[in-house]
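Hi,

Here is the structure I said I'd pass along. Have a look at it first, then read on for what turned up.

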Amino acid sequence: MYAMAGDAMRGREAGTLDEMRATAWVADQARKAGLQPMGDDGTFFQWWPMHRTRVGDGSEISVGDHELTMWKDAIVLSRGNSDLDLPIVFVSDSAALEHTDVHGKAVAMVLPSIATQPPAEFTIRGNFQSTTSQLVRRMASDIARAGGAAAILIANGTPDQKMAFDATATVTMRGSYTIDSAGAPAGSYARSSAGRGAQAGRGGRGGFASAPTFWFRHDMLGAVQAPDAHLKAFVFTESFDYPSGNVVGVVRGTDPKLADQYVLYSGHQDHDGVRYPVMGDSIWNGADDNASVSVAMLAIARAFVQHPAARPVLFVWHGAEERGLLGSRWFVNHPEVPHSQIVAVLNGDMIGRNSVDSAAILGVQPPHKNSDALAAAALRANAELTHFTIDTSWDRPTHREGWYFRSDHLPYARAGIPAVMFSSLLHPDYHTPRDEPSRINFPKLKKMADWMYATGWIVANAPQRPDVVANFKLER
Ligand SMILES: [Zn+2]
């Protein structure tokens, strides 16, 4: 845990060398645990191209003599290329648009203050960010509708808006990520971009203005309000591939008749990398998310190596989960063993926080349950061994977090493979630099690893492979 989620790993962000370092580290640990390689070409690795589209580094924005530093002074919110040289007209608010000639001009407005909302019941962070971001988009839409040629929204100088600006910049500068859809099972993720779950809380794009849209830091207000202020913007998008990777290892079973029936343990080794500082720390360590499951899988692997089960057990650490479940989607599209030979997927995401007495499992209630036997095995393992009080609310389709849709079991379930997800659920350090090894509840992590291990042990030794629920259909 301390090695994988220490600062030296720099937050393991997919699309950077930091994830590759973590991927290589996991493979090395898997080898030491006694797993046999089950990736490509006799290695532990399955490398695949992550396709990325973002605003190009050479893009330039200036106001008069001020050259703005991209993502520090300005966020580009619109998509596509633009080459602009426009006079700037400053208006007080959307209502003033009616009495102002904005045609052919860049229209600038200061964002009004919006009341800081108390955190929603479960969404720990990001409410204010998404509310502010939606406000920016709505005002930009007003400007576009009034005939403005470009929209400039300026932060009003409050700490809340500064934080919302930084949070939006850090996401937007990275662009969007996807994988080629070749090999996708029919009806699964055909041509879809990043996984919807991973986008939760970021705010929708519906009704967004068609004009080029920029969000400026508060410091730019003077330059924008200067007489004869001019906006020059040369913005272009670029697309490229960068490798991400899955780590795949196996423990062979003892029963030759079951040699083609794999129980699959799933986690992800990536996290969110180095971003803007929170309380002086800019490394988003991802100890709970998801070093907790990654290291639990190593422990489970050692246990199966010592005492192999009847069936073989496959271990897959997925890359780029945080970028939209990309590694698991890739593996499902390009499986190292055929889908028909994967009898169950036991995924875990964040299993090292909150009370040692309670936990959650998803995929055991309709419409998320896609195997009665797998659900029963997990519940039996808990009843006999770990005795967690199970929080059942997160597995319901009505739960506002949509937790079921936010981790790597989902592509497998959509492909018709029995799948469950183990989790100790959200906490205030979720997706912040405070998700550190020192804040892990190690007795809890040990118990969750026990639960995942015992469930896999039951499934891997059962006389029958788990059933698949007929007519399985998720709510979205
Ligand atoms: Zn995660």
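Arg174 and Glu13 are both buried (under 20% relative accessible area with a 1.4 Å probe on protein chains only; exposed is over 50%, and partly exposed is in between). Their side chains meet in a salt bridge at 2.5 Å, N to O; the term here takes a side-chain nitrogen of Lys or Arg within 4 Å of a carboxyl oxygen of Asp or Glu. Arg174 sits in the loop between helix 3 (159–172) and strand 9 (176–178), and Glu13 in the segment before helix 1 (17–33), so the bridge ties together parts 161 residues apart in sequence. Helices (H or I, at least four residues) and strands (E, at least two) are DSSP runs numbered from the N terminus. Both residues also belong to a salt-bridge network with Asp272, Arg275 and Arg323.

Before you dig in: this is a predicted model, where local features need pLDDT of at least 70 and side-chain atom pairs count only at pLDDT 80 or more, while totals for chains, interfaces and linings use all residues. Numbering runs from 1 along each chain as its sequence is written, and side-chain values use heavy atoms, with hydrogens and water left out.

The structure holds 20 salt bridges. Another one joins Asp166 and Arg217, with the closest N and O atoms 3.4 Å apart. Asp166 is in helix 3 and Arg217 in the loop between strand 10 (213–216) and helix 4 (221–225), 51 residues apart. Both of these are buried too. Within helix 2, Asp142 pairs with Arg145 at 3.7 Å, N to O; they are three residues apart, about one turn of the helix. Asp142 is partly exposed at 24%, and Arg145 is exposed at 65%.

Now the zinc ion. Its protein donors (N, O and S atoms within 2.8 Å of the metal, or 3.2 Å for Na, K and Ca; water is not among the atoms, so sites may look incomplete) are His268 (NE2), Asp289 (OD) and Asp349 (OD), the last listed twice, at 2.0 to 2.5 Å. His268 is in strand 13 (residues 262–268) and Asp289 in helix 5 (residues 287–306), 21 residues apart. Both His268 and Asp289 are buried.

As for helix 5, 16 of its 20 residues are buried, so the rest of the structure largely encloses it. The helix reaches 27 Å from first C-alpha to last, close to the 28 Å expected (1.5 Å times one less than its number of residues).

Cheers
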